[in-house]
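Here are a few exercises to work through with the model open beside you. Try each task before reading its solution.

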Amino acid sequence: MQFSDDLEEALSDFARDHGINRDEAIQRIVRAALINSGYLASGEEGIPPEKLNASNDD
């Protein structure tokens with residue numbers, strides 16, 4: 001898949017800065033966007049609501 005020139009340049013910069021190839025960069029960017037949008041679970045476990053209290057406020 002080819003993107004517009006500005007996106008290709010940004011994608012190339014991202015891949016270079018993270019020491020990864022283009023495909024891995026696309027996967028990371030899409031994964032982060034889907035997690036941030038609530039479409040994909042992050043896989044991280046948080047504190048269950050019933051165990052939340054003032055002592056574990058950050």
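**Exercise 1: the helix α2 pair**

At 29% relative accessibility, Glu24 counts as partly exposed (buried is under 20% relative accessible area, exposed over 50%, partly exposed in between, with a 1.4 Å probe and protein chains only). Before going on, note that this is a predicted model, where local features need pLDDT of at least 70, side-chain atom pairs count only at pLDDT 80 or more, and totals for chains, interfaces and linings use all residues. Residues are numbered from 1 along each chain as its sequence is written, and side-chain values use heavy atoms, leaving out hydrogens and water.

Task: find which residue forms a salt bridge with Glu24.

Solution.
- Step 1. Apply the criterion: a side-chain nitrogen of Lys or Arg within 4 Å of a carboxyl oxygen of Asp or Glu.
- Step 2. The partner is Arg28, with the closest N and O atoms 3.1 Å apart.
- Step 3. Glu24 and Arg28 are 4 residues apart in helix α2 (residues 22–36), so about one helical turn separates them. Helices are DSSP runs (H or I, at least four residues) and strands are runs of E (at least two), numbered from the N terminus.
- Step 4. Arg28 is also partly exposed, at 37% relative accessibility.

**Exercise 2: a shared partner**

Task: work out which residues are joined into one network by salt bridges that share partners.

Solution.
- Step 1. Start at Arg16, which is exposed with a relative accessible area of 55%.
- Step 2. Arg16 forms a salt bridge with Asp13, at 3.1 Å between the closest N and O atoms. These two are 3 residues apart in helix α1 (residues 5–18), so they are separated by about one helical turn.
- Step 3. Arg16 also forms a salt bridge with Asp17, where the closest N and O atoms are 3.4 Å apart.
- Step 4. Compare accessibility: Asp13 is partly exposed at 28%, while Asp17 is exposed at 58%.
- Step 5. The network therefore holds Asp13, Arg16 and Asp17.

**Exercise 3: the whole chain**

Task: decide whether the chain is a compact globule or more spread out.

Solution.
- Step 1. Count the secondary structure: 2 helices and 0 strands.
- Step 2. The radius of gyration is 17 Å, well over the 10 Å from the globule rule for 58 residues, so the chain is more spread out than a compact globule. The radius is taken over C-alpha atoms, and the rule is 2.2 Å times the number of residues to the power 0.38.
- Step 3. Along the principal axes, the C-alpha atoms fill a box of roughly 50 × 20 × 15 Å.
- Step 4. Buried residues make up 9% of the 58.
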